[in-house]
Amino acid sequence: MVGLKPSDVPPTTAVKFLGAGTAACFADLLTFPLDTAKVRLQIQGENQAAQAARGVQYRGVVGTILTMVRTEGLRSPYNGLVAGLHRQMSFASIRIGLYDSVKQIYTPKGADHSSIATRILAGCTTGAMAVTCAQPTDVVKIRFQASVALGPGSDRKYSGTMDAYRTIAREEGLRGLWKGTFPNITRNAIVNCAEMVTYDIIKEKLLDYRLLTDNFPCHFVSAFGAGFCATVVASPVDVVKTRYMNSPPGQYRSPLHCMLKMVVHEGPTAFYKGFTPSFLRLGSWNVTMFVTYEQMQRALMKVQMLRESPF
């Protein structure tokens, strides 16, 4: 067996909540440059005049990261990391850590297994709850990732993460910090369902049919499948969300207006801009997060049981 053995006692809600946030932060630390590359590719073509003035064109995941490092410095792929960690501690803790508890609430009493509809409903619920709480952190993260930090084309407005929260609230009001909440709820309801439900079902079937035991290979396969499904179904909403949240006041009247302008000016393929980094990021993020999450739960339960043990 690879990793810690499953605990005889099911993990508590508090253990899942803490474990999910910590695991998500660890996954973000490893995959953040891919997320930044995805954001740059998604907004490419949105403001062609400014982009031409900077003379920067992004091509592919590796090309985008290398261009950023060359023109903005080694730290540029990690622009917005602090806000990203703020986001995961609030966002992932809710959408992942509370998923099982909400699923149990929706599952009829006496049922052996939760239905797919119940799992989807639980995923939508925790995803919407998480976005409502963590939206300001997502807005700040995307603003940092999208902005050019150095050079003649620099458009960096904020001196730091806390300054970004204050400046957005002062210049755009509290509504500015919750800008794009609806497309983000839509996007994260889809992502959460794709990730959590797919992971849940693949893992359950692997264990039911005794194809794998409840350890690292099972968690890896389940997480990889979850990442792929999430990328395919969520990419269009993710592109609209990124552009709308990064836009200056007045550029788009609504997320729908943003979507229509994309179709008219760039065609339907614009909805899948940044698909490769999205998949690389979501696939690697899911594998890292779920594998770490499973181990975190077991480690935290072991610590809790040792503390409660009289000997």
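A residue counts as partly exposed when its relative accessible area lies between the buried limit, under 20%, and the exposed limit, over 50%. Tyr272 has a relative accessible area of 38%, so Tyr272 is partly exposed. Keep that rule in mind while walking through this structure, which is a predicted model.

Start with the aromatic rings. A pair of aromatic rings is described by the distance of the centres and the angle of the planes. A search of the whole structure turns up seven aromatic pairs. One of them joins Phe224 and Phe279. Their centres are 5.8 Å apart, and the angle between the planes is 80°. Planes over 60 degrees apart count as edge-to-face, so this pair is edge-to-face.

Now look at where these two rings sit. Phe224 belongs to helix α10, residues 216–246. Phe279 belongs to helix α12, residues 275–308. The two are 55 residues apart, and their pair links distant parts of the chain. Phe224 has a relative accessible area of 41%, so this residue is partly exposed. Phe228 joins the group too: Phe224, Phe228 and Phe279 form one aromatic cluster.

Compare the pair of Tyr272 and Phe275. Here the ring centres are 5.9 Å apart and the planes meet at 55°. That angle is neither under 30 nor over 60 degrees, so the pair is tilted. Phe275 has 25% relative accessibility and counts as partly exposed.

Rings can also have a charge over the face. Arg87 lies over the face of Phe91, at 4.3 Å from the ring centre. Lys179 does so over Tyr244, at 5.6 Å from the ring centre.

Next comes the largest pocket. Its space is about 820 Å³. The lining has 31 residues, and those closest to the centre are Lys16, Asp100, Lys103, Asp200 and Lys203. Which elements give two or more residues to this lining? They are α5 (99–106), α9 (181–208) and α12. Helix α9 gives the largest share, six residues. By type, the lining divides into 13 nonpolar, six polar and twelve charged residues.

Finish with the cysteines. How many disulfides does the count give? The count is zero. Take Cys193, whose nearest cysteine sulfur is that of Cys124, 3.4 Å away. A disulfide needs sulfur atoms within 2.5 Å, so Cys193 is in no disulfide. Is Cys193 buried or exposed? Its relative accessible area is 12%, under 20%, so Cys193 is buried. Cys258 is buried as well, with a relative accessible area of 0%.

Terms used
Residues numbered from 1 in each chain as written. Predicted model: local features only at pLDDT ≥ 70, side-chain atom pairs only at ≥ 80, totals over all residues. Heavy atoms only, no water. Phe/Tyr/Trp six-rings, centres within 6.5 Å; stacked < 30°, edge-to-face > 60°. Helix = DSSP H or I, 4+ residues; strand = E, 2+ residues; numbered from the N terminus. Buried < 20%, exposed > 50% of the residue type's maximum accessible area, 1.4 Å probe, protein only. Lys NZ or Arg CZ within 6 Å of the ring centre and 35° of its normal. 1 Å grid on protein atoms, 1.4 Å probe; cavity = no way out; pocket = protein on both sides within 12 Å on 5 of 7 lines; lining within 4 Å. Points joined across faces, edges and corners; volume = space filled by probe spheres on them. Nonpolar A, V, L, I, M, F, W, Y, C, P; charged D, E, K, R; others polar.
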